[in-house]
Amino acid sequence: SLHELQLLSTQIIKRQQLIETTSKEINLIEDQIIELNDNIAFLNAQLKKLKEDYARMIYIGYKTRGSYD
């Protein structure tokens, strides 16, 4: 009976350690998700600006095409 109690105590300690490790991993993954979401937002903003610049260049090229003829 005492042996079983010791075994159960050991199992409880190991499971608590596993829970702590898993919690730390979850926190790290959440931090990575936040960082990646920030990167996505930044890249989307850059993409929007590049699309606007490209559209502007196409428009200017279209308007000035007659001057090259």
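User: Before we get to the network, what makes a contact a salt bridge here?

Analyst: A salt bridge is a side-chain nitrogen of Lys or Arg within 4 Å of a carboxyl oxygen of Asp or Glu. Keep in mind that this is a predicted model. By that rule the count comes to 2 salt bridges.

User: How do you know that Asp-53 and Lys-49 make a salt bridge?

Analyst: Their side chains meet at 3.0 Å, N to O. The cut-off is within 4 Å, so the pair qualifies. As for where they sit, Asp-53 and Lys-49 are 4 residues apart in helix 1 (residues 2-63), so about one helical turn separates them.

User: And what makes Arg-56 and Asp-53 a salt bridge?

Analyst: Same kind of check: the N to O value is 2.9 Å, and the rule asks for within 4 Å, so this pair counts too. Arg-56 and Asp-53 are 3 residues apart in helix 1, again about one helical turn.

User: Why is this called a network?

Analyst: Because Asp-53 takes part in the bridge to Lys-49 and also in the bridge to Arg-56, Lys-49, Asp-53 and Arg-56 end up linked in a network of salt bridges.

User: Are those three residues buried or exposed?

Analyst: Neither; they're in between. Asp-53 has a relative accessible area of 23%, Lys-49 has 49% and Arg-56 has 46%. Buried means under 20% and exposed means over 50%, so each of these counts as partly exposed.

User: Why is Tyr-54 called exposed, then?

Analyst: Tyr-54 has 52% relative accessibility. Exposed means over 50%, so Tyr-54 makes the cut. The residue is in helix 1, and together with Met-57 and Ile-58 it forms a nonpolar patch on the surface, with about 360 Å² of accessible area between them.

User: What makes Glu-30 fit for a surface patch?

Analyst: A patch residue needs over 30% relative accessible area and no salt bridge. Glu-30, in helix 1, has 42%, so it clears the area cut-off while still being partly exposed. The negative patch is formed by Glu-30, Asp-31, Glu-35 and Asp-38.

User: How do you know that the chain is more spread out than a compact globule?

Analyst: First, the chain has 2 helices and 0 strands. The radius of gyration is 30 Å, well over the 11 Å that the globule rule gives for 69 residues, so the chain is more spread out than a compact globule. The C-alpha trace spans about 100 × 15 × 10 Å along its principal axes.

User: How much of the chain is buried, and what does its surface consist of?

Analyst: Buried residues make up 0% of the 69 residues. The accessible surface comes to about 6,900 Å², and 62% of that belongs to carbon and sulfur atoms.

User: How far apart are the mean positions of the positive and negative charges?

Analyst: The mean positions of the 9 positive and 10 negative charges are 11 Å apart.

Notes
Residues numbered from 1 in each chain as written. Predicted model: local features only at pLDDT ≥ 70, side-chain atom pairs only at ≥ 80, totals over all residues. Heavy atoms only, no water. Buried < 20%, exposed > 50% of the residue type's maximum accessible area, 1.4 Å probe, protein only. Patch = residues over 30% accessible without salt bridge, like charges linked within 9 Å, V, L, I, M, F, W, Y side chains within 5 Å. Areas by Shrake-Rupley, 256 points an atom, 1.4 Å probe, with all protein chains shown as cover. Lys, Arg positive; Asp, Glu negative; His and termini not counted. Charge placed at Lys NZ, Arg CZ, Asp CG, Glu CD. Rg over C-alpha atoms; globule rule 2.2 N^0.38 Å.
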